[in-house]
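Work through the exercises below with the model open beside the text. Each task is followed by a solution in steps.

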Amino acid sequence: MRRLLSSLFLCLALPATAQEFTTYKGHGGPIMGLVVTRDGRLASASFDNSVGVWTGQSPRWLEGHDAAVTAIAEDREGVLVTGGDDFAVWHWGAAPRKIGQHKGKVTSLAASPDGSVLAAGSWDGDIVLWPLHEGAPETLPFPGAGVNAVAYSADGAQLFAATSKGDLLRYDMASRDTARPLVRHGFGINRLVVGDGWLAYGAVDGVTRVIDAETGAQMADFTLDRRPILSMAHHAQTGQLAIGDGEGHIMMVDTKEWRITHDFRAMRQGPVWALAFSTDGAVIHAGGIDDVIYAWPVALLDSYDPAGGNTRSFLRDVATMSNGERQFMRKCSICHSLEPKPSRKAGPTLHGVFGRKAGVVPGYRYSPTLDGSAIIWTDTTIDALFDQGPDHYIPGSKMPMQVIAEEQDRADLIAFLRQATKED
C-alpha cells in the first residue's frame, strides 16, 4: 500500500509528459545505440542497418550503412553522426556523406566541443579524428588494443578512451602524445562517461566504478553481481548516471551524492545495449535485443514490470522447435523474415526464396556483389552458403560471417526453409 500511495503521489507531482511508459516501434532489428539531441529528438541506431529519427511515434529513416549501425552521437551543430559494422562513419547533415572508413567495427563516437572533428574508436585499434568540415583525418597513437569507447572532456582538452584490453587512457589533445593510462583494469572496458572531474566506466566483468579524471584514484564503486556492463548515459543537469547490463537491468546513480537511487529490471529477457535520457532528465530510453525502444519515467522506475522479451522467436524454448527451425532462429531470424510483406530487417525477406535469383527482392538495397548476381537460391546454393560462410561464398556481401559446420544441421535448415518460405 505504501508503494502504491508513493507512486500515486509521484504521478500527481510529475508533469504529464513524464508519467507514461512509452514504446517506439518500427525498427527491424535490435537497438544498438540511442541519443536524444539537444532539441529533443530521439535517434536510434539498429542492427537493421538504419538510423531512426523519431517525431512522436513516426520515424524518419536515415539509410546509408551497409551493416548494423552500432554507434551514434550528435555534433556541436546538432547533426547526427553514426558508425557501424561496415567500418564506416557517416555525417547526416543536409547532404549526408560518409566521412570515414575504418578497418574494423566502429564502436564509439565523440564530437569535439569546438565542432571541428569527430573522434571515432574502432576494434581495429585506431582512434581517428575525422574532420567535420575541412582538413585531413588524424590517427592518434596506438592505444594498445581495440577501442570500445571514446569521450571528450567538457573543454575538449582531453580525449579519454577505453580498450578491449581493459585500459582507460587519457590523450592530451594539444600534444597528441601517447596516451597516459589512468586505469589498468585487466578486463575489457565497454563503456565510458565523463563528468565534472570524474570518469565512470563499466567493464566486461561487471565492474562499475568512478575515478578521478586527473589522478585515476577510485571515487566510488557500484559493482553488482551482473555482467557485462553494456551501456551508460549521463544527464549532467540532474546529476543522473544510468548503467545497463547484460542481464537486462538499469541501475540509476545520483552523481551528487554517489548513491544508487534505482536498480530496475528493465528487460524481461536480453541485455540493455543502449541508454539515453530525455533533455530534462525525467525519462530514460533503453534498447536491446527487441526491435522496440522503451522509455520509462525515471521517478516511477520501480513501479513497472520488465518490458520486452515476449515476441522474439529466437528467445523461445529450443525444445519447442525442430532442429531446422532452431538453425533458422540462431543464424537467420535476426536479419530475415519469412513473410511476403516488406520488413525493416537487415536482410531481404526469404519468402519464395527457392528458385529466386539473388539480389532481386523489390525495395531492398543490395550490396554491389549481389545486385545483378547470377546465383539462384536452391538446396545446393543455400547449403554452400552456410558450409563456406557468406564471406567466402559471396565475398563483399553484407551478410555477416557465419558457418553451419554440420551437414545435417544445414540439411535440416533447408528443409525448414522449404516449408516456411513456400509461396501460396
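**Exercise 1: Two cysteines**

Cys335 has a relative accessibility of 10% and therefore counts as buried. The model is a predicted one.

Task: Decide how Cys332 is classed by accessibility, and find how many disulfides the count gives.

Solution.
- Step 1. The relative accessibility of Cys332 is 5%; the cut-off for buried is under 20%, so Cys332 is buried.
- Step 2. The cysteine sulfur closest to that of Cys332 belongs to Cys335, at 8.6 Å. A disulfide needs a pair of cysteine sulfur atoms within 2.5 Å, so the 8.6 Å separation is too far for a bond.
- Step 3. Taken from the other side, Cys335 is in no disulfide, and its nearest cysteine sulfur is that of Cys332.
- Step 4. The count comes to 0 disulfides.

**Exercise 2: Strand 6 and its partner**

Task: Establish how strand 6 pairs with strand 7, and state how many residues of strand 6 are buried.

Solution.
- Step 1. Strand 6 and strand 7 (residues 80–84) run antiparallel and are joined by 5 bridges.
- Step 2. One bridge can be located by residue: Glu74 has Leu80 of strand 7 as its partner.
- Step 3. The two strands form a hairpin with 5 residues between them. In the turn, Gly78 has a positive phi of about 85°.
- Step 4. Of the 6 residues of strand 6, 6 are buried, so the strand is largely enclosed by the rest of the structure.

**Exercise 3: The largest pocket**

Task: Give the volume of the largest pocket, then describe which strands supply its lining and how the lining divides by class.

Solution.
- Step 1. The volume of the largest pocket is about 1600 Å³.
- Step 2. Its lining has 47 residues, of which Val35, Ala73, Glu74, Leu109 and His234 are the closest to the centre.
- Step 3. At least two lining residues come from each of strand 2 (31–36), strand 6 (69–74), strand 10 (106–111), strand 14 (147–152), strand 18 (189–194), strand 22 (229–235) and strand 26 (272–277).
- Step 4. The class count for this lining is 27 nonpolar, 14 polar and 6 charged residues.

**Exercise 4: The second largest pocket**

Task: Find which helix gives the most to the lining of the second largest pocket.

Solution.
- Step 1. The second largest pocket holds about 1100 Å³ of space. It is lined by 44 residues, and the closest to its centre are Pro390, Ser397, Lys398, Met399 and Pro400.
- Step 2. The helices that each supply at least two lining residues are helix 2 (323–331), helix 3 (379–388) and helix 4 (390–393).
- Step 3. Helix 3 gives the most, with 3 residues.
- Step 4. By class, the lining has 27 nonpolar, 8 polar and 9 charged residues.
- Step 5. For helix 2, the buried residues are Asn323, Gly324, Glu325, Gln327, Phe328 and Met329. Helix 5 is among what covers them.

**Exercise 5: A residue after helix 5**

Task: Is Thr421 buried or exposed, and which residues are in contact with it beyond its neighbours within four places in sequence?

Solution.
- Step 1. Thr421 sits in the segment after helix 5 (407–420).
- Step 2. Its relative accessible area is 1%, so Thr421 is buried.
- Step 3. With neighbours within four places in sequence left aside, the contacts of Thr421 are Leu338, Leu350, His351, Gly352, Val353 and Phe354.

**Exercise 6: The cavity**

Task: State how many cavities of 30 Å³ or more the structure holds, and which residues line the largest cavity.

Solution.
- Step 1. There is 1 cavity of 30 Å³ or more. The space in the largest cavity is about 70 Å³.
- Step 2. The lining consists of Gly206, Thr208, Phe222, Leu224, Arg226, Ile229, Ile243, Asp245, His249 and Met251.
- Step 3. Strand 23 (240–245) and strand 24 (249–254) are the elements that give two or more residues to this lining.
- Step 4. The lining divides into 5 nonpolar, 3 polar and 2 charged residues.

**Exercise 7: Backbone exceptions**

Task: Locate the cis peptide bond from Arg227 to Pro228, and describe the phi values of Arg176 and Trp258.

Solution.
- Step 1. Most residues other than glycine have a negative phi, and most peptide bonds are trans.
- Step 2. The bond from Arg227 to Pro228 is cis, with omega near -10°. Pro228 lies in the loop between strand 21 (218–221) and strand 22.
- Step 3. Arg176 has a positive phi near 60°. It is in the loop between strand 16 (167–172) and strand 17 (180–184), and with a relative accessible area of 28% it is partly exposed.
- Step 4. Trp258 has a positive phi near 50°, and its place is the loop between strand 24 and strand 25 (259–265).

How values were computed. Residues are numbered from 1 along each chain as its sequence is written. This is a predicted model: local features need pLDDT of at least 70, side-chain atom pairs count only at pLDDT 80 or more; totals for chains, interfaces and linings use all residues. Side-chain values use heavy atoms; hydrogens and water are left out. On a 1 Å grid over the protein atoms alone, a cavity is a set of points where a 1.4 Å probe fits but cannot get out, and a pocket is an open set with protein on both sides within 12 Å along at least five of seven lines; lining residues have an atom within 4 Å of a point. Grid points are joined across faces, edges and corners, and a volume is the space filled by probe spheres set on the points. Helices (H or I, at least four residues) and strands (E, at least two) are DSSP runs, numbered from the N terminus. Ala, Val, Leu, Ile, Met, Phe, Trp, Tyr, Cys and Pro count as nonpolar, Asp, Glu, Lys and Arg as charged, and the others, Gly among them, as polar. Buried means under 20% relative accessible area, exposed over 50%, partly exposed in between (1.4 Å probe, protein chains only). Two strands pair if DSSP finds at least two bridges between them. Contact means heavy atoms within 4.5 Å.
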